[in-house]
Amino acid sequence: MCEKSGNHFGKDVLQTEQTTHTDANFDHVEISECRDTNTVCNTRLYRRRWLILCLFSSYSLCNAFQWIQYGIINNIFMKFYNGSSFAIDWLSMIYMLTYIPFIFPVTWLLERKGLRVIALLAASINCVGTWIKVASVQPNLFWVTMLGQFACSFAQVFILGMPSQVASVWFGSDEVSTACAIGVFGNQLGIAIGFLIPPILVPNVDDMNELAQHISIMFYITAAVASLIFLLVLFVFQEKPETPPSLAQVALRDMATTQYSYLASIARLFRNKPFILLLISYGLNVGCFYAVSTLLNRMIIEHYPGEEVNAGRIGLTLVIAGVVGSLLCGIWLDKTKTYKQTTLSVYLLSFVGMVIYAFTLNLGHLWVVFLTSGALGFFMTGYLPLGFEFAVELTYPESEGTSSGLLNCSAQMFGIAITIIQGKIIDHFSTLAGNIFLCVFLFIGSIMTVLIKSDLRRQKANSQSQTEVIADSSVHPQDGKSLPVKEVKM
């Protein structure tokens, strides 16, 4: 049994002893140590955790940018590569397709090798993909740009499910939801930049040599940024803190590795009914977001011809509003722990936002589209970290990487199907019919979210540990008083 050291809000929860330590590479460090008669355990929060989170968000941003950089100027790449809109759509959908078969071996590798190996693979493969695309700037080299995009999509498998894992491994119990939201923020910001920058760097010009030059500049900038991020990950990214940040992580580290079986973990997750409901509802919500993002250029250009730049700005509005929603939801969860209530509320508002967007897109006023896109993005994109964190709560002590990987696998499968079907509906009917199609799926997902039983296992584990330690501290008092606890930083 272990006693808890203080959290970063300075709450005096349990008895502790404080000592000091000076590391050669860091400033003075406080160590909050907890004891009972049998064991000694520490929980510590390191300043380095913010650097690790920033690095993760950076290579996630770079990768997410490339997902949408073709789709948002779909008509321009159709002209350059002389391909169909469906072929250009696959430059985005390949991100979804690649994820499905590779997520299980990647999650297994995460459990065996840890975060640093996964981070290095993600950053290096993403970097290779960007340089392949640099060599694809000729109208007859569509297959080369698809190869480079495949490499980047493969790198995404090592990224997409990691925010909750990074948050749990490095952050305390009162800040994991906020940290997860910041991790998702990197991906969302990359998508936002992907909506904004390509229409500016690659204008719709008729001269093919000039167009090739613009595309080449975009690819070279991306490759340079990816190379810099890879070097930073190589020399700075750390596997995990020496001392766990929370009692839940203490318990997981104490679990013998021989007791863990990846296949058994998968089997347990598929027997977890609340998680299965979340798995499907999450896939529906995020799949609809993928469809809207991939087909946004086509929907905007149909009603507002020649507005490629504004299509990118609308996509930017969609995602930036979602970034704000994600961060606010993460902070709210850390404060309230109301996982189901918050998830359900955001899901229902995503459905309402989709309905409003669908019926106002063709009104002929771009400012209305900006407004409705912002509202839709705030809730639909803001749902992403909620799903991750709710899954971790429902499935503890299973690995965060496993549960997040399954959620993303669901999202990719639904994303491919919904994107293809909505694209066909838009081609044969109208954008309104295609968006109503999305509304139906979001309504179904809302109903499924209502049915999820809120079994917050991680919160129970932390509460139980604290209760037991308080009981121990009453049996083993230290000089009859409790010492205040400060955040431990390195």
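Reader: Why is there no bond between the sulfur of Cys62 and the closest cysteine sulfur, in Cys152?

Author: In this predicted model, the sulfur of Cys62 lies 7.6 Å from that of Cys152. A disulfide needs the two sulfur atoms within 2.5 Å, so the pair is too far apart for a bond. A search of the whole structure finds zero disulfides.

Reader: How do you know that Cys439 is in no disulfide?

Author: The nearest cysteine sulfur, that of Cys288, is 8.4 Å away, and the cut-off is 2.5 Å.

Reader: What makes Cys62 and Cys439 count as buried?

Author: Buried means under 20% relative accessible area. Cys62 has 4% and Cys439 has 7%, so each counts as buried.

Reader: Why are helix 13 and helix 17 called roughly antiparallel?

Author: Their axes cross at roughly 165°, and angles over 145 degrees count as roughly antiparallel; therefore the term applies to helix 13 and helix 17. The axes come within 9 Å, and the crossing is left-handed.

Reader: Which residues make the contact, and of what class are they?

Author: Helix 13 contributes residues including Leu344, Tyr347, Phe351 and Met354. From helix 17 come Ile436, Cys439, Leu442 and Phe443, among others. By class, the contact has 16 nonpolar, six polar and one charged residues.

Reader: What makes helix 6 (residues 163–170) largely enclosed by the rest of the structure?

Author: Eight of its eight residues are buried, so helix 6 is largely enclosed. Among the buried residues are Pro163, Gln165, Val169 and Trp170.

Key
Residues numbered from 1 in each chain as written. Predicted model: local features only at pLDDT ≥ 70, side-chain atom pairs only at ≥ 80, totals over all residues. Heavy atoms only, no water. Axes fitted to C-alpha atoms, helices over the stretch in contact; angles between N-to-C directions. Helix = DSSP H or I, 4+ residues; strand = E, 2+ residues; numbered from the N terminus. Parallel < 35°, antiparallel > 145°, perpendicular 65-115°, else oblique. Left-handed = near helix turned anticlockwise from the far one by under 90°. Contact = heavy atoms within 4.5 Å. Nonpolar A, V, L, I, M, F, W, Y, C, P; charged D, E, K, R; others polar. Buried < 20%, exposed > 50% of the residue type's maximum accessible area, 1.4 Å probe, protein only.
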